[in-house]
Amino acid sequence: MERHILVVLPHPDDEAFGLSGTLAKYIQNGYRVTYACLTLGEMGRNMGIPPFANRVTLPAIRRKELEESCQAIGIDDLRLLGFHDKTIEFEDHRLLDGRIDDLIQEIRPSLIFTFYPGYSVHPDHDACGAAVIRTVGRLPADERPAVHCLAFAKNLEEDIGQPDVIQDVREFLQPKMASIRAHRSQFQAAELLGDHEYTSEEIRERFGTERFWTYPFGS
Amino acid sequence: MIPIDRLPTETELRKFVGSEVYVHSEATSFVFVRNFKLRIGEAHVAGEGSYRVALRFDGQGWLRMEALTHYEVDEAGRLLLAGYDDRGRMNVALHLGKEPFPE
């Protein structure tokens with residue numbers, strides 16, 4: 001059986017810092033990855049330094065950046081679901097969950113990555129994760145793929161404990177850094193990458209580990 | 001103005017669904033728009049403590065505001081939502097009425 005991973009995230013670039021290394025690692029190990037990105041990050045504030053984008057051109061630019069990031073990671077199946085940035089929490093649950101369920105039925109993933117609902121800071125992140133959890137939760141227990149969640153809220157470990165999946169991605173920093181750099185409209189700020197020449201030791205320290213929480217479904 | 005409670009505020013907001021409404025919307029330091037006329041299709045309130053409000057209108061658009069904290073329905077039946085900081089300064093406002101606001 002083909003081993004297939006489904007990634008469901010709301011914005012282009014959500015994959016870059018926390019997940020790209022892990023995906024590159026899975027792909028090298030023979031997995032296929034489908035990445036469903038809910039929006040084009042149309043409402044992003046970062047437009048490049050100096051600005052090379054505007055509100056009208058940003059969606060097309062971010063789409064190209066996302067395609068380049070996917071190429072760097074090795075993802076060959078990108079699905080753009082066409083929702084609008086900052087509106088996921090207001091979308092009709094049946095519509096949103098239906099789109100995710102269609103993908104699950106088509107792909108039959110053994111593993112899904114998304115955001116941990118309630119612990120992912122941005123309303124789009126939480127609403128995206130909640131939609132995935134609702135949809136997977138409706139599957140019969142023995143058909144549910146594992147769901148590994150990104151989370152980064154303050155104090156989250158008091159509530160949901162320590163991450164139980166730790167991915168060492170030090171061998172996959174090249175695709176990871178290429179994924180981050182692909183999103184040049186978003187991550188050009190000096191404090192991130194642009195003006196810093198990190199030594200490879202610094203990069204390994206800062207970017208070499210990715211952490212996930214397995215979502216605890218009831219029975 | 002009374003602190004927003006999500007459900008009662010959403011109930012008030014949804015009384016405008018299906019109607020043509022005049023909107024006054026502002027983000028104090030940067031922009032306001034007065035008497036923007038639209039037909040509301042959906043109305044939502046989300047958040048805790050500080051709230052996000054979204055209107056889907058005319059079958060093709062969104063109006064979304066965040067940092068809203070207080071609301072009231074005035075004697076003319078207009079729904080007045082606003083967001084204040086901890087020193088009582090207004091940051092954002094979203095007002096809905098069935099008649100134009102005075103220009």
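## A helix across the sheet of chain A

Let us start with helix H3 of chain A, which covers residues 93-107. H3(A) lies across three strands of its chain: S1, S2 (32-37) and S3. Its direction makes about 170° with that of S1(A). Another helix, H4 of chain A (residues 123-137), also packs on the sheet. H4(A) touches S1, S4 and S5 (146-150) of chain A, and runs at about 145° to S4(A). Please keep in mind, as you look around, that this is a predicted model.

## The sheet beneath

What order do the strands of this open sheet in chain A follow? Seven strands take part, and the order is S3-S2-S1-S4-S5-S7-S6, with mixed pairing. At the edges you will find strand S3 (77-80) and strand S6 (165-168) of chain A, each of which pairs on one side only. From one strand to the next, the twist averages 25°.

One pairing is a good place to zoom in. Strand S1 (residues 4-9) and strand S4 (residues 111-115) of chain A run parallel and are joined by three bridges. Within this part of the model, A:Ile5 stands opposite A:Leu111 in S4(A).

## Chain A as a whole

Stepping back, chain A has seven helices and seven strands. Starting at the N terminus, its elements follow the pattern β-α-β-α-β-α-β-α-β-α-β-α-α-β. Chain A is as compact as a globular protein of its length, because its radius of gyration of 17 Å is close to the 17 Å that the globule rule gives for 219 residues.

The C-alpha trace of chain A spans about 50 × 40 × 40 Å along its principal axes. Of its 219 residues, 44% count as buried. Contacts also link parts of the sequence that are far from each other in numbering: among contacts in chain A with a separation of 6 or more, 81% are between residues 24 or more positions apart.

## Two helices that cross

Now find helix H6 (residues 173-182) and helix H7 (residues 200-207) of chain A. Their axes come within 11 Å and cross at roughly 80°. An angle of 65 to 115 degrees counts as roughly perpendicular, so that is how H6(A) and H7(A) lie to each other.

Which residues meet here? From H6(A) come A:Leu173, A:Lys176 and A:Met177, and from H7(A) come A:Ile203, A:Arg204 and A:Phe207. Sorted by type, the residues of this contact are four nonpolar and two charged, with no polar ones.

## Chain B and its sheet

Chain B has an open sheet of its own, built from eight strands in the order S1-S6-S7-S8-S2-S3-S4-S5 with antiparallel pairing. The edge strands, S1 (2-3) and S5 (61-68) of chain B, each pair on one side only. Strand S7 (residues 79-84) and strand S8 (residues 90-97) of chain B are antiparallel partners over six bridges. Here B:Ala82 stands opposite B:Ala93 in S8(B).

A helix lies across this sheet too. Helix H1 of chain B (residues 6-14) crosses over S3 (31-48), S4 (50-57), S6 (70-73) and S7 of chain B. The direction of H1(B) is at about 140° to S3(B).

## Where the chains touch

How many residues of chain A are in contact with chain B? Six residues of chain A are in contact with six residues of chain B. On the chain A side, those residues divide into two nonpolar, two polar and two charged.

Methods:
Residues are numbered from 1 along each chain as its sequence is written. Chains are lettered from A and ligands numbered from 1 in the order in which they are written. This is a predicted model: local features need pLDDT of at least 70, side-chain atom pairs count only at pLDDT 80 or more; totals for chains, interfaces and linings use all residues. Helices (H or I, at least four residues) and strands (E, at least two) are DSSP runs, numbered from the N terminus. The radius of gyration is taken over C-alpha atoms; the globule rule is 2.2 Å times the number of residues to the power 0.38. A residue is buried if 20 or more other C-beta atoms lie within 10 Å of its own, exposed if 12 or fewer, and partly exposed in between; C-beta atoms are placed from the backbone. Two residues are in contact if their C-beta atoms, placed from the backbone, lie within 7 Å. Ala, Val, Leu, Ile, Met, Phe, Trp, Tyr, Cys and Pro count as nonpolar, Asp, Glu, Lys and Arg as charged, and the others, Gly among them, as polar. Axes are lines fitted to C-alpha atoms, for helices over the stretch in contact, and angles run from 0 to 180 degrees between N-to-C directions. Angles under 35 degrees count as roughly parallel, over 145 as roughly antiparallel, 65 to 115 as roughly perpendicular and the rest as oblique. Two strands pair if DSSP finds at least two bridges between them.
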